[in-house]
Amino acid sequence: MTQTFRDFIAWQQGKALAREVYEITRLFPDEERFGLVIQLRRAAVSVPSNIAEGRGRGTKKDFAHFLMQARGSLYEVETQIELANELHYINQFDTARLLKHCDELSRVLNGLINSIT
């Protein structure tokens with residue numbers, strides 16, 4: 001049976017991370033609505049979206065390329081979470097929780113990339 005993008009743990013975790021980012025950024029100051037909020041949300045949504053798009057391309061080479069794009073977006077999310085913490089938009093507890101989620105997702109993505117390359 002062929003796997004769809006929904007079957008991949010990386011996609012499931014990426015989607016969950018995007019939901020968490022949307023929830024946490026609701027608490028950011030209004031002046032960040034068009035700044036860090038939109039950047040963080042777009043990067044987070046990009047992770048599962050790239051996994052889905054890559055799977056839909058049909059070749060291992062394309063899938064690997066889009067998985068690497070997803071990993072790059074994940075690193076953007078991590079950077080922006082750290083910045084948000086330094087600006088006191090996210091508390092230490094939520095920062096640690098989000099970064100742990102990112103770290104777990106990074107390991108899953110790296111494993112998936114390695115399995116198809």
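Student: Reading from the N terminus on, how do the elements of this protein run?

Tutor: They run α-α-α-α. That adds up to four helices and zero strands. Keep in mind that this is a predicted model.

Student: What makes the protein as compact as a globular protein of its length?

Tutor: Set the radius of gyration against the globule rule. The radius of gyration is 15 Å, and the rule gives 13 Å for 117 residues; the two values are close, so the protein counts as compact as a globular protein of that length. Along the principal axes, its C-alpha atoms fill a box of roughly 45 × 25 × 20 Å. Of the 117 residues, 44% are buried, where buried stands for a relative accessible area under 20%.

Student: Let's turn to the helix pairs. Why is H1 called roughly antiparallel to H2?

Tutor: The axes of H1 (residues 9-25) and H2 cross at roughly 165 degrees and come within 8 Å. An angle over 145 degrees counts as roughly antiparallel, so H1 and H2 earn that name. Their crossing is left-handed.

Student: How do you know that H2 is roughly antiparallel to H3?

Tutor: Here, too, we start from the angle. H2 (residues 36-57) and H3 (residues 60-86) have axes that cross at roughly 165 degrees and come within 8 Å. With the limit at over 145 degrees, the pair is therefore roughly antiparallel. The contact of H2 with H3 has 15 nonpolar, seven polar and five charged residues. The crossing of H2 and H3 is left-handed.

Student: And what makes H3 roughly antiparallel to H4?

Tutor: The axes of H3 and H4 cross at roughly 165 degrees, and they come within 10 Å. That angle is past the 145 degree limit, so H3 is roughly antiparallel to H4. This crossing is left-handed, and the residues of the contact divide into 17 nonpolar, five polar and four charged.

Student: Why give both an angle and a distance for each pair?

Tutor: Because two packed helices are described by the angle between their axes and the distance between the axes.

Student: How do you know that the span of H3 agrees with what 27 residues should give?

Tutor: Compare the expected span with the end-to-end distance. The expected span is 1.5 Å times one less than the number of residues. For the 27 residues of H3 that is 39 Å, and the end C-alpha atoms are 39 Å apart, so the two agree.

Student: What is the phi of the residue His88, which follows H3?

Tutor: Phi of His88 is positive, near 65 degrees. His88 sits in the loop between H3 and H4.

Student: What makes that phi worth pointing out in a residue other than glycine?

Tutor: Most residues other than glycine have a negative phi. His88 is a residue other than glycine, yet its value is positive.

Student: Why is His88 called exposed?

Tutor: The cut-off for exposed is over 50% relative accessible area. His88 has 71%, so it is exposed.

Student: There is another histidine, His101, in helix H4 (residues 92-116). Why does His101 count as buried?

Tutor: Its relative accessibility is 12%, so His101 falls under the 20% cut-off and counts as buried. As for its place in space, the C-alpha atom of His101 is 19 Å from that of Leu36, with their positions 65 residues apart along the chain.

Student: How do you know that Ala43, in helix H2, is buried?

Tutor: At 5% relative accessibility, Ala43 is under the 20% limit, so it counts as buried. Ala43 and Val21 are 22 residues apart in sequence, while their C-alpha atoms are 9.7 Å apart in space.

Student: Ile38 is found in helix H2 as well. Why is Ile38 called partly exposed?

Tutor: Partly exposed covers the range between the 20% and 50% cut-offs. Ile38 has 29%, so it counts as partly exposed. Its C-alpha atom is 9.6 Å from that of Tyr22, 16 residues away along the chain.

Student: Last one: what makes Gln3, in the segment before H1, partly exposed?

Tutor: Gln3 has a relative accessibility of 39%, which lies between 20% and 50%, so partly exposed is the right name. The C-alpha atoms of Gln3 and Gln13, ten residues apart along the chain, are separated by 16 Å.

Conventions
Residues are numbered from 1 along each chain as its sequence is written. This is a predicted model: local features need pLDDT of at least 70, side-chain atom pairs count only at pLDDT 80 or more; totals for chains, interfaces and linings use all residues. Side-chain values use heavy atoms; hydrogens and water are left out. Axes are lines fitted to C-alpha atoms, for helices over the stretch in contact, and angles run from 0 to 180 degrees between N-to-C directions. Helices (H or I, at least four residues) and strands (E, at least two) are DSSP runs, numbered from the N terminus. Angles under 35 degrees count as roughly parallel, over 145 as roughly antiparallel, 65 to 115 as roughly perpendicular and the rest as oblique. A crossing is left-handed if the near helix is turned anticlockwise from the far one by less than a right angle, and right-handed if clockwise. Ala, Val, Leu, Ile, Met, Phe, Trp, Tyr, Cys and Pro count as nonpolar, Asp, Glu, Lys and Arg as charged, and the others, Gly among them, as polar. The radius of gyration is taken over C-alpha atoms; the globule rule is 2.2 Å times the number of residues to the power 0.38. Buried means under 20% relative accessible area, exposed over 50%, partly exposed in between (1.4 Å probe, protein chains only).
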